[in-house]
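Hi,

Here is the structure I promised to pass on to you. Have a look at it first, and then read my notes below.

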Amino acid sequence: MTWSNYRAILFDLDGVITPTAEVHMRAWRQVFEPFLTGLPDQEPYTEHDYFTHIDGKARIDGVRDLLASRGLVLPEGSPDDDPASETVVSLGNRKNQAFRQIITDERIRPYPGSEELVRELAAAGFRLAIVSSSRNARVVLESTGLADLFEVVVDGEVVAHDDIEGKPAPDAFKHAAALLGVPENVCVVVEDATVGVEAGAAGGFGLVIGVDRGTGADALLAAGADLVVTDLSELVGA
Ligand SMILES: O=P(O)(O)OC[C@H]1O[C@@H](O)[C@H](O)[C@@H](O)[C@@H]1O
């Protein structure tokens with residue numbers, strides 16, 4: 001591939017720019033391990049559960065889809081639910097508490113290869129956007145020192161506020177391209193989650209790059225990635 005065929009790059013954040021997919025994974029594990037252990041006839045929570053049912057989706061969709069995969073139904077609940085109660089929303093609130101605790105305790109830095117690529121593309125005049133399902137994307141992005149290089153951020157807050165359909169629908173990426181004012185066929189989507197790659201493939205984007213941080217190259221290609229890398233440093237100088 002060569003960047004010169006495109007004008008804008010739409011990056012997912014967690015697992016693409018920052019190693020925070022792993023932080024989300026840990027926070028989800030802190031919620032679902034004890035929750036499932038406390039129920040009769042449930043297999044233990046695994047990494048496979050995360051990659052198959054949660055990765056890349058909006059928080060509430062992750063809770064719903066994990067529960068559905070186990071044949072479990074909880075009341076929906078409401079946003080101010082006590083994290084200790086047992087509703088879909090409160091499990092999400094519990095996960096958010098765990099996530100916020102980890103990012104308060106640990107300094108989040110970008111992947112070195114991602115920082116190098118983002119700086120190179122910004123210096124070359126490409127228009128850059130972040131498209132993330134996370135409602136914590138702003139705070140994570142601020143910690144990277146790269147926030148000023150992204151003209152547009154479509155995150156979980158924007159998606160919820162503007163009632164945009166979440167990944168795997170392509171709508172959040174389309175919204176970012178529209179805000180940049182760049183036609184979709186000259187935009188590149190960069191994603192590490194299968195639902196994110198599906199979202200990219202479902203839009204009319206010029207190229208969808210999968211980043212394999214544990215999902216597996218086969219799964220990303222099957223979801224519609226045009227090419228798969230293991231680190232964005234592989235794309236520096238392309
Ligand atoms: O709970 P948040 O911060 O809104 O994040 C929602 C989701 O955001 C995505 O970016 C992550 O891939 C998921 O792991 C995460 O669950």
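In this predicted model, the domain assignment splits the protein into domain 1 (3–19 + 108–235) and domain 2 (22–105). Domain 1 is thus written as two stretches of the chain, 3–19 and 108–235. If you take the C-alpha centres of domain 1 and domain 2, they lie 24 Å apart.

How many residues does each domain give to the contact? Domain 1 puts in 17 residues, and domain 2 puts in 11 residues. On the side of domain 1 that touches domain 2, at least two residues come from helix 7 (156–161), and at least two come from helix 9 (194–202). Helix 9 has the largest share of that side, with 3 residues. Sorted by class, the side of domain 1 that touches domain 2 holds 8 polar, 6 nonpolar and 3 charged residues.

Now for the ligand. Which residues are the closest to the ligand? They are His24, Arg59, Ser134, Arg135 and Asn136, out of 18 residues that surround the ligand. Three elements give two or more residues to this shell: helix 1 (21–37), helix 3 (59–69) and helix 4 (88–105). By class, the shell around the ligand has 9 polar, 5 nonpolar and 4 charged residues.

Where does the shell come from in terms of domains? Both domain 1 (3–19 + 108–235) and domain 2 (22–105) take part, each with at least three residues around the ligand.

Enjoy exploring, and write back with any questions!

Best wishes

How values were computed: Residues are numbered from 1 along each chain as its sequence is written. This is a predicted model: local features need pLDDT of at least 70, side-chain atom pairs count only at pLDDT 80 or more; totals for chains, interfaces and linings use all residues. A residue is near a molecule or strand if its C-beta atom, placed from the backbone, lies within 6 Å of it. Helices (H or I, at least four residues) and strands (E, at least two) are DSSP runs, numbered from the N terminus. Ala, Val, Leu, Ile, Met, Phe, Trp, Tyr, Cys and Pro count as nonpolar, Asp, Glu, Lys and Arg as charged, and the others, Gly among them, as polar. Domain bounds come from an automatic or database domain assignment. Two residues are in contact if their C-beta atoms, placed from the backbone, lie within 7 Å.
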